[in-house]
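Reader: Hello! I would like a close look at a single part of this model, followed by whatever helps to place that part in its surroundings. Could you take me through it?

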Amino acid sequence: MSELTLRKAIIATSLAMNALGINRGKSGNVSARWKNGFLITPSGLPYEETRPADIVFIDMKGKPTGKRLPSSEWRFHHDIYRTRREAQAVVHAHASFATTLACLGMDVPAFHYMIAVAGGNNIRCAPYATFGTQELSDHALKALSDRYACLLANHGMIATGDSLKRALALAVEVEALCEQYWRALQIGKPAILSDAEMEVVLEKFKTYGKNTNKQRAPR
Ligand SMILES: [Zn+2]
């Protein structure tokens, strides 16, 4: 993929994030690994007005290159690429249901087996820290250990993936799970799946959605 194609894909992912209803306005941000760093959406520019040249490159030392300032949340994107070799893309959104639970500081337990898409038997909520700070990044990295997604207290959520498509799909899935958990909490106490059952599910998920015979699976 060329750099221009990737810059366009980052904008398309940002627009899709809003079109899919998991983010609104200028909140949130999207990045993808590129060479010895990553490309990220700029600070404070509506996605509809963002052009490929507005996307900012940041190297692994945290040095930005571009005509605009990077998203104020570049620190956790930077730390994710620095410490998680498998991460190729990061989507950060202020999705309504995820953010609602995050405002209560709640981890999302295994109330549904699909929690396994985030990599474990729960989706953790990182403690609150001011947006854009190293402290927030440190909390996020901890909540993301052995996971591909987390909530950020009083803020939103982060989803990572081996492509922009997969990071976006995970963000959508996390928001759906948060909505379902929120709804279940309205009318009762959801039953939580045991760690043993989640082990079984996580094992099955190792092949879930993967194509073993290298042919495109029917949808
Ligand atoms: Zn944010």
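Is Glu-179 buried, partly exposed or exposed, going by its relative accessibility?

Author: Happy to. Please keep in mind that this is a predicted model. Glu-179 counts as partly exposed, because its relative accessibility is 25% and the partly exposed class runs between 20% and 50%. The residue has its place in helix H5. For a sense of distance, take Gly-25: in sequence 154 residues separate Gly-25 from Glu-179, and in space their C-alpha atoms are 20 Å apart.

Now to the surroundings of that helix. The largest nonpolar core has 47 residues. Those with the most contacts inside this core are Met-17, Val-108, Ile-123, Leu-151, Met-157, Val-174 and Cys-178. Several elements give two or more residues to the core, among them helix H1 (3–19), strand S5 (89–93), strand S8 (156–161) and helix H5 (164–187). H5, the helix that holds Glu-179, gives the most, with 9 residues. Ile-123 shows how such a core residue is surrounded: leaving aside neighbours within four places in sequence, Ile-123 is in contact with Asp-107, Val-108, Ile-115, Ala-118, Ala-149, Cys-150, Leu-151, Val-174 and Leu-177. There is also a second, separate core of 19 residues, including Val-56, Ala-87, Leu-152 and Ile-158.

Next, the metal, which may interest you as a chemist. The zinc ion is coordinated at 2.1 Å by the NE2 atoms of His-92, His-94 and His-155. Along the sequence, these donor residues follow the spacing H-x1-H-x60-H. His-92 has a relative accessible area of 1%, so this residue is buried. His-94, in contrast, counts as partly exposed, at 31% relative accessibility.

Two other helices form a pair. The axes of helix H2 (residues 74–83) and helix H4 (residues 134–143) come within 8 Å and cross at roughly 45°. H2 and H4 are therefore oblique to each other, and their crossing is right-handed. From H2, the residues Arg-75, Phe-76, Asp-79, Ile-80 and Thr-83 meet Gln-134, Leu-136, Ser-137, Ala-140 and Leu-141 of H4.

The loops deserve a look too, starting with backbone angles. Most residues other than glycine have a negative phi. Lys-35, in the loop between S1 and strand S2 (37–40), has a positive phi near 45°. Lys-35 counts as exposed, because its relative accessibility is 68%. Asp-146 also has a positive phi, about 60°, although it is not a glycine. Its place is in the loop between H4 and S7, and with a relative accessible area of 61% Asp-146 is exposed.

Thr-41 makes a useful contrast with those two. This threonine lies in the loop between S2 and strand S3 (56–59), yet Thr-41 is buried, with a relative accessible area of 2%. Not counting residues up to four places away in sequence, Thr-41 touches Ile-10, Ser-14, Asn-29, Val-30, Tyr-47, Ile-55, Pro-70 and Ser-71.

To return to your starting point: Glu-179 is partly exposed, in the helix that gives the most to the largest nonpolar core.

Technical notes: Residues numbered from 1 in each chain as written. Predicted model: local features only at pLDDT ≥ 70, side-chain atom pairs only at ≥ 80, totals over all residues. Heavy atoms only, no water. Donors = N, O, S within 2.8 Å, 3.2 Å for Na, K, Ca; no water. Buried < 20%, exposed > 50% of the residue type's maximum accessible area, 1.4 Å probe, protein only. Core = buried A, V, L, I, M, F, W, Y, C linked by side-chain atoms within 4.5 Å. Helix = DSSP H or I, 4+ residues; strand = E, 2+ residues; numbered from the N terminus. Contact = heavy atoms within 4.5 Å. Axes fitted to C-alpha atoms, helices over the stretch in contact; angles between N-to-C directions. Parallel < 35°, antiparallel > 145°, perpendicular 65-115°, else oblique. Left-handed = near helix turned anticlockwise from the far one by under 90°.
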